[in-house]
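The following exercises are to be worked through with the sequence and the structure at hand. Each task is followed by a solution in steps.

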Amino acid sequence: MNKPRKVHVKSFGCQMNVYDSNRMADSLAGAGFSETAQAADADLVILNTCNIREKAVDKLYSEIGRMRELKEEAAAQGRQMLIAVAGCVAQAEGQEITRRAQAVDVVVGSQNYHRLPGMIARAQAGERIVDTEFPVEDRFDALAAPTREVIAKRGIAAFVTVQEGCDKFCTFCVVPYTRGAEVSRPVEKIATEVERLASAGVREVTLIGQNVNAYHGQGADGRPATLGQLLRRLSDVPGIVRLRYTTSHPCDMKDDLIAAHGDLPALMPYVHLPVQSGSDRMLAAMNRRHTRRDYLDVIARLRAVRSDLAFTSDFIVGFPGETEADFRATLTLLDEVGFACAYSFAYSPRPGTPAADMATQIPPEEQSERLQRLQAVINRQWRAFNASFIGRTVEVLLEKPGRLPGQLVGKTPYLQTVQVMARPELIGSLVPVAITDTGTNTLFGALAEGKTEMPALATAGA
Ligand code: SAH
Ligand code: SF4
Ligand code: F3S
């Protein structure tokens, strides 16, 4: 029997990285590693990196610097601590990382972490390893499944990767390079994973992928299935009461996925649909493959099947060549749609992407001035959206204890956090909650009797 060892995984970036971090920990559990939240206690630290915006590389090296100190302290106590770098910066930088940072023992690309247990064993024997080739085997098949105890510890809401990689090549984005070509997992393998989660107490599943609605995994009949079909299959899994999916591309919002929003009660009325810009000129320069009109049409078609759908989005300001008129087109798009919330970023040139070489880069001061104006509108819409719930009763899935004694925290169908006084036995239940007030990041409510009502969402122009 090996001596018990501890692994600390630190995740940066998107939900796919969070999922990958969990799966790395699961596969290392078989090699005798249990998870620890403290890097200082760990025999192995994994930095699961993100490369989406600037300074990713600088951030990684300063993080490695901190870990190196812990590694030296451990060595002084006669204990070996290994440092592994995983994720999208590992994929992009490869060998450069072991060359620049002597403290790093293992560099594992975004597609190869199923091989981690073997790599760690070799690293313990003193080898330094870099593995960033895209593999031929299916990493999901090679990964160990988490135990019931581990699933239960992670809570009642889980992520499941159904699709990976991206073939869209937006001109600003590194994902097609760091995650490779688009690949979808077969329906039945996903269903088996979801059934396993459900039997260990998971009630809500979010299907994730860089381009999740481009999903085209093999169906039970051997033919490619759509995301709509996958959601229909998963809505039959006993115990799963809520389904979500993210992130979607406007071009892949096909009819049967839209129809699923009208037909499946478990499919939550919330869609994250990044648009990036409201200007057709910018959308073309970004190679987004859709116009402003196309985006508004998709929103209208979704709202036609489910009027209470809430939308969130991602925006980039200060993309090369963006004029004040282009930027205003983004502001008017926000007014036209009325978002529940949105993420916004100043354009950041990524080495190797076409936009990084465009001549008309926007000065940082201009970018941040636009970003502030955009965020003011987003915040106003977000507050209006939350305020529209006061006085209404909504269905809340209770997830975990809150900060105050006797309090639980849950989510509305629209992914808002709600704090409510309720007994701990209710964790995992769907309960009606009367919303009484809003805070900065949360709604407050009280358990209510009887039925929930759908709020009439009217945030457009708010
Ligand atoms: N696959 C998703 C998003 C991936 S990245 C999609 O297509 O929507 C998440 C968000 O980061 C993007 O939507 C975009 O708004 C932002 N982003 C990506 N690259 C960026 C860059 N170079 N500079 C600034 N923001 C960027
Ligand atoms: Fe990046 Fe565009 Fe692919 Fe999204 S669709 S991951 S933004 S290239
Ligand atoms: Fe970042 Fe890679 Fe996700 S670059 S956003 S961790 S796909």
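A residue is near a molecule if one of its heavy atoms lies within 4 Å of it. The model examined here is a predicted one.

**Exercise 1.** Determine which residues surround ligand 3, and how they divide by class.

*Solution.* Step one: with the cut-off above, the residues around ligand 3 are C14, N17, C50, N51, I52, C88, R179 and Q210. Step two: sorted by class, this shell of ligand 3 holds four nonpolar, three polar and one charged residues.

**Exercise 2.** Establish how helix 14 and helix 15 are oriented to each other, and which residues make their contact.

*Solution.* Step one: the axes of helix 14 (residues 324-337) and helix 15 (residues 364-387) come within 10 Å and cross at roughly 5°. Step two: angles under 35 degrees count as roughly parallel, and helix 14 and helix 15 are therefore roughly parallel to each other. Step three: helix 14 contributes E324, F327, R328, T330, L331, L334 and D335 to the contact, while helix 15 contributes R370, R373, L374, V377, I378, R380 and Q381. Step four: the residues of this contact comprise six nonpolar, two polar and six charged.

**Exercise 3.** Locate Q416 and decide whether Q416 is buried or exposed.

*Solution.* Step one: Q416 lies in the loop between strand 16 (407-411) and strand 17 (417-421). Step two: buried means under 20% relative accessible area; Q416 has 7%, so Q416 is buried. Step three: the side chains of Q416 and T412 are joined by a polar contact of 2.6 Å. Step four: apart from neighbours within four places in sequence, Q416 is in contact with F385, N386, F389, G410, K411 and L443.

Conventions:
Residues are numbered from 1 along each chain as its sequence is written. Chains are lettered from A and ligands numbered from 1 in the order in which they are written. This is a predicted model: local features need pLDDT of at least 70, side-chain atom pairs count only at pLDDT 80 or more; totals for chains, interfaces and linings use all residues. Side-chain values use heavy atoms; hydrogens and water are left out. Axes are lines fitted to C-alpha atoms, for helices over the stretch in contact, and angles run from 0 to 180 degrees between N-to-C directions. Helices (H or I, at least four residues) and strands (E, at least two) are DSSP runs, numbered from the N terminus. Angles under 35 degrees count as roughly parallel, over 145 as roughly antiparallel, 65 to 115 as roughly perpendicular and the rest as oblique. Contact means heavy atoms within 4.5 Å. Ala, Val, Leu, Ile, Met, Phe, Trp, Tyr, Cys and Pro count as nonpolar, Asp, Glu, Lys and Arg as charged, and the others, Gly among them, as polar. Buried means under 20% relative accessible area, exposed over 50%, partly exposed in between (1.4 Å probe, protein chains only). A polar contact is a pair of N or O atoms within 3.5 Å; within protein, one must be able to donate a hydrogen and the other to accept it, and residues adjacent in sequence count only if both atoms are side-chain atoms.
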